[in-house]
Amino acid sequence: MSAVPTTSPLQARRRLRGRLGDLSLHGLTLAAALACLVLVGAIAWKIVALAGPSFDRFGLGFVTARAWDPVKHVFGALPFIYGTAVSSLVALVIATPLAIAIGLYLSELAPRGVRGIVGSLVELLAAIPSVVLGLWGILVLGPFLAHHVEPWLHSTLGFIPLFGDPQQTGQGLFTAAVILTIMIVPIVASISRELFLGVPSDLEEGALALGATRWEMVRGVILPATRSGIAAAVILGLGRAVGEAIAVTQVIGGGTRIGWSLFPPADTLASKIASSYQGAGSGIETSSLLYLAAILLVLGLIANLIAQVIVRRFDPLRGTRE
Amino acid sequence: MTESFTIAPVIDVAQVTQDSRPSEREVVFDIHDLTVSYGRVTAISGVDLQIHRNVITAIIGPSGCGKSTFIRCLNRMNDLVPGARIEGQILYQGSDLYASGVDPVEIRRRIGMVFQKANPFPKSIYDNVAWGPRVLGMRKELDERVEKALRSAALWDEVKDRLKKNALSLSGGQQQRLCIARAIAVEPEVLLLDEPASALDPIATSAIEDLMHQLKREYTLVIVTHNMQQAARVADLTAFFSLEVDETRRSGVLVEYDATSKIFTNPSDKRTEDYVTGRFG
């Protein structure tokens, strides 16, 4: 096995053109990646800078102040933080079990033909523009909730302060939460479906071979193995719910009330910005709206970071995949 | 065409296992004319076989001859494969496994299985073994049950100080023994092993084989293996499957079934002889 002498030199022959391709590929992709970074930085910087006057006037107390009065030039974020928190959390509480159920059905239980059809229908739901969903919320969902669901909740579960007197208009926190639910479910459902499909089938067989039923297999193996991924998906959904402006603005009614009942009108950070920015009367009001935007930005970034940390640190399936 | 493969002689199990207790001769699985197909592809056809209590039966044969398909019929794991069709009859202690009204979940509880690739759950060692008993409601004296299963699987001494550790931290051979412990923790009547040592090194393999000899006293064992030496070392009876090809189709068939020593030293069929002497496969 003697070495075969090479007849051609080993130096690169396609010197210029080949290298040019490599270089421009590297440069273009790097520029694209950097552009994202620069954009996030620029947006954050601009918002913080414009929020400056409001921050100087109200300080961190802005976050816990309840008043929003453009006439007296007194501004505070608490009603909107409350509106954002309540509408998003209610949406998550409704959406999470629903989305997990859809994901399980599509990955484990549905017959093959049904999987594709129902799967694409669920993703179609995510494709509805939010302004269209908001219109539907005004015309159909709001009145339906106000005339049927809210009275029923009030009469059966009225002893819980969450379910106070129903609204007449259908504009309110609860309608916004249901609209957000519709927006989150497809996201969480399709991520969960992928997660469930990713559970190695030999784990499922191992459970079934022990005499477990399908439900016991799902509860004992599939859900524990995917719980961190589901948590991350839910937090991504939360990010979506926290940031959604248009559809929420259309159905939430507007207001600065803070109270137990889910039904009255309110505002979220995003809906307040969307509805008030155009008509903001004074510099300090505009600046305060940007202060709200800065809070929203921070919440969004935190949600995203938490989701990433959960996925990286707490994956129970680490080590089972090849 | 299956006629030519039918195994006429009745095997004297008592002689094979050097044990004359009458209960030892009991037939656990009585399989008649078993044909399995996936869609249009026939995996095995016309298999007749009897599997006896407290005996290790090995299924050997070249790749693609339907060994795994066969063993997965015995606890209805093939039900999970879309398009799988099973014809013929499998009697388990006299009752038809595929009769309507028979619950595959109950079958799998009584007929345990260990797979080719160790598949511990991503949980602690303890929770892996306790998983089956918990699901099946055998919560009384769970600690004792887990310890007994781990001892039976010859793993207790290696893991007793780290039962709360994740099972995935164990070595491949330990993981496979953990899977055996998990399977016997629910006290099955039969243990099916589908190439349990194919991914293991020789030392881990020998540990699994020693274990099988011990388990034989309490369980009926069926092992699929592509390793002939392994069959020769552990099995009392050996069934040789082969791939039969003619113009229209190819499918696995049972060629010969006899005492292991006879299969390896004096097989009656030419194809068996070719296979065990290494001329084929």
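**Exercise 1. A salt bridge in chain B**

The side chains of B:R271 and B:D269 form a salt bridge, with N and O 3.1 Å apart. Task: state how buried or exposed B:R271 is and how buried or exposed B:D269 is.

Solution. Start with the ground rules. This is a predicted model, in which local features need pLDDT of at least 70 and side-chain atom pairs count only at pLDDT 80 or more, while totals for chains, interfaces and linings use all residues. Residues are numbered from 1 along each chain as its sequence is written, chains are lettered from A in the order in which they are written, and side-chain values use heavy atoms, with hydrogens and water left out.

Step 1. Fix the terms. A salt bridge is a side-chain nitrogen of Lys or Arg within 4 Å of a carboxyl oxygen of Asp or Glu. Buried means under 20% relative accessible area, exposed over 50%, and partly exposed in between (1.4 Å probe, protein chains only).

Step 2. Apply the cut-offs. B:R271 has a relative accessible area of 23%, so it is partly exposed. B:D269 has 18%, so it is buried.

**Exercise 2. A pair within one helix**

Task: find the helix that holds both B:D274 and B:K270, and give their spacing in sequence.

Solution. Step 1. The pair forms a salt bridge, and the closest N and O atoms of B:D274 and B:K270 are 3.0 Å apart.

Step 2. Both residues sit in α11 (residues 270-276) of chain B, 4 residues apart, about one turn of the helix. Helices here are DSSP runs of H or I, at least four residues; strands are runs of E, at least two; both are numbered from the N terminus.

Step 3. Why does such a spacing suit a pair? An α-helix has 3.6 residues a turn, so residues three or four places apart point the same way.

Step 4. Compare burial. B:D274 is buried because its relative accessibility is 17%. B:K270, at 51%, is exposed.

Step 5. Look beyond pairs. In chain A, salt bridges with shared partners link A:E123, A:R193 and A:E194 into one network. Over all chains the count is 20 salt bridges.

**Exercise 3. The contact between the chains**

Task: describe the interface of chain B and chain A by area, by residues and by charged pairs.

Solution. Step 1. Area. The two chains bury about 1,900 Å² between them, with 64% of it on carbon and sulfur atoms. Buried area is the accessible area (1.4 Å probe) that two parts lose on being put together, summed over both. In chain B, the residues that lose the most area to chain A are B:K117, B:P122 and B:W131, together 26% of what that side buries.

Step 2. Residues. Chain B gives 25 residues to the contact and chain A gives 24. Contact means heavy atoms within 4.5 Å.

Step 3. Charged pairs. There are 2 salt bridges between chain B and chain A. In one of them, B:R72 meets A:E205, the closest N and O atoms being 2.7 Å apart. B:R72 lies in α2 (residues 67-73) of chain B and A:E205 in α6 (residues 201-209) of chain A, so this pair joins two chains. B:R72 is buried at 11% relative accessibility, and A:E205 is buried at 18%.

**Exercise 4. The buried face of α5(B)**

Task: list the buried residues of α5 in chain B, and say where they fall around the axis.

Solution. Step 1. The helix spans residues 142-152, and its buried residues are B:L142, B:R145, B:V146, B:A149 and B:L150.

Step 2. Seen down the axis, these residues fall within an arc of 130 degrees, so they line one face of the helix. The arc is that of the directions from the helix axis to the C-beta atoms.

Step 3. The cover over them includes α4 (125-135), α6 (156-159) and α7 (172-184) of chain B.

Step 4. After α5(B) comes B:A154, with a positive phi near 55 degrees.

**Exercise 5. Two polar side chains in chain A**

Task: place A:Q250 and A:S282, and find a backbone atom by each side chain.

Solution. Step 1. A:Q250 is in α8 (residues 246-252) of chain A. Its relative accessible area is 17%, so A:Q250 is buried.

Step 2. A polar atom of the A:Q250 side chain lies 3.3 Å from the backbone oxygen of A:V131. Beyond its neighbours within four places in sequence, A:Q250 has contacts that include A:S130, A:L135 and A:Q171.

Step 3. A:S282 is in the loop between α9 (269-276) and α10 (283-313) of chain A. A:S282 is buried at 15% relative accessibility. A polar atom of its side chain lies 3.2 Å from the backbone nitrogen of A:E285.

Terms used. Polar contact = N/O pair within 3.5 Å; in protein donor to acceptor, adjacent residues only side chain to side chain.
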